[in-house]
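Biologist: Could you take me on a close tour of the ligand site? I'd like to hear what surrounds the ligand, and then what the cysteines are doing.

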Amino acid sequence: MNLPVSITKGRLSDLVETLEIDNAHATASISLWGAQVLSFKPKHDNRERLFRSDNMALDGSKSLRAGIPVCWPWFGGREGFQAHGYVRTRPWQVLSTTENADYTEITLAPFDMTGDGFDGSANISLTVQVGKCLSVTLTTTNTGHEAFEFNTALHTYFLVNDINQVELKGLSGTYSDKTRDWAMLETPEPYQFTEETDRIHLNPVKKVSIVEPAAEIGVESSGHDSVVVWNPWAENSNSMRDMGSGAYLKMVCVETAVTQGKVLQAKESHSLVQVIS
Ligand code: TA6
């Protein structure tokens with residue numbers, strides 16, 4: 001396939017080939033393995049928005065600890081299966097590309113969407129639009145004759161200067177706390193980080209801001225039923241071989257997610273969208 005001039009090919013390892021985008025508004029990088037956006041840097045402030053672990057595994061032993069992992073067709077752990085579904089550890093192919101004065105757009109799909117633990121007939125595609133903002137859309141289509149249920153997430157790792165200085169704005173209502181046996185708790189105000197944080201916020205707000213003294217990231221979502229917030233904190237971060245000591249200080253995951261089970265009827269489609277500014 002001929003690529004537009006704003007897209008070139010790169011490579012991080014034998015397995016991980018990338019598409020590098022450089023247009024009038026931003027630079028970005030996407031791994032074809034997992035269709036994972038690894039970098040987004042708008043040119044108006046030249047500030048990287050996405051966290052990338054220095055120790056991420058590039059050999060396929062696990063998904064890349066970076067950017068925007070795509071969770072599908074389930075979210076979180078599941079007995080007997082790998083966490084967060086199987087498409088983040090699969091090769092994807094480019095279906096189409098386009099560029100214009102406002103953005104470069106790439107649509108990708110996994111070579112194979114079937115896998116143990118999911119019986120539906122589905123097509124999925126990820127459209128990444130790189131402009132002043134980064135817009136990522138995961139579309140799931142039921143191509144079969146029976147309804148199926150799935151969960152999904154854009155499990156985005158955001159880069160922060162210091163997690164101790166971060167405040168999240170925009171979340172409200174109750175959340176389910178994985179670190180407290182899934183207790184239902186009220187969203188704190190102000191929303192700051194002082195310990196391991198692993199929460200499914202069940203009020204699907206449209207916008208969350210990640211606010212630091214000298215920087216702010218906007219996270220807009222649609223098609224979701226939850227916003228997941230995760231930081232492993234020091235001890236877990238140190239014990240994860242693809243994170244490493246101190247890495248938790250530089251990241252927070254704010255995830256646009258479907259965690260409550262979305263039923264798709266035959267021929268129906270669903271789009272999960274995250275827009276980062
Ligand atoms: O989205 C939060 C979460 O499900 C956490 O419970 C957590 O362990 C994390 O995702 C990372 O999961 P992973 O399978 O990528 O190590």
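Modeller: Happy to, and since you will want to know about the cysteines too, let me begin there: Cys253 counts as buried, because its relative accessibility is 0%. Bear in mind that this is a predicted model. Cys71 also has a relative accessibility of 0%, so Cys71 counts as buried. A search of the whole structure turns up 0 disulfides. For Cys71, the nearest cysteine sulfur belongs to Cys253 and is 9.3 Å away; a disulfide would need the two sulfur atoms within 2.5 Å. Seen from the other side, Cys253 is in no disulfide either, and its nearest cysteine sulfur is that of Cys71.

Now to the ligand itself. The space it takes is the largest pocket. The residues around the ligand are Arg65, Phe75, Ala83, His84, Arg88, His155, Lys178, Asp198, Val228, Trp230 and Glu255. Sorted by class, this shell holds 5 charged, 4 nonpolar and 2 polar residues.

Three of these neighbours deserve a closer look for their polar side-chain atoms. In Asp198, a side-chain N or O atom sits 2.5 Å from an oxygen atom of the ligand. For His155, the distance from a side-chain N or O atom to a ligand oxygen is 2.9 Å. Arg88 likewise places a polar side-chain atom 2.9 Å from an oxygen atom of the ligand. As for how covered the ligand is, it would expose 400 Å² taken alone, and the protein buries 81% of that area.

Key. Residues numbered from 1 in each chain as written. Predicted model: local features only at pLDDT ≥ 70, side-chain atom pairs only at ≥ 80, totals over all residues. Heavy atoms only, no water. Near = heavy atom within 4 Å. Polar contact = N/O pair within 3.5 Å; in protein donor to acceptor, adjacent residues only side chain to side chain. Areas by Shrake-Rupley, 256 points an atom, 1.4 Å probe, with all protein chains shown as cover. 1 Å grid on protein atoms, 1.4 Å probe; cavity = no way out; pocket = protein on both sides within 12 Å on 5 of 7 lines; lining within 4 Å. Sits in = over half its atoms within 2 Å of the grid points. Nonpolar A, V, L, I, M, F, W, Y, C, P; charged D, E, K, R; others polar. Buried < 20%, exposed > 50% of the residue type's maximum accessible area, 1.4 Å probe, protein only.
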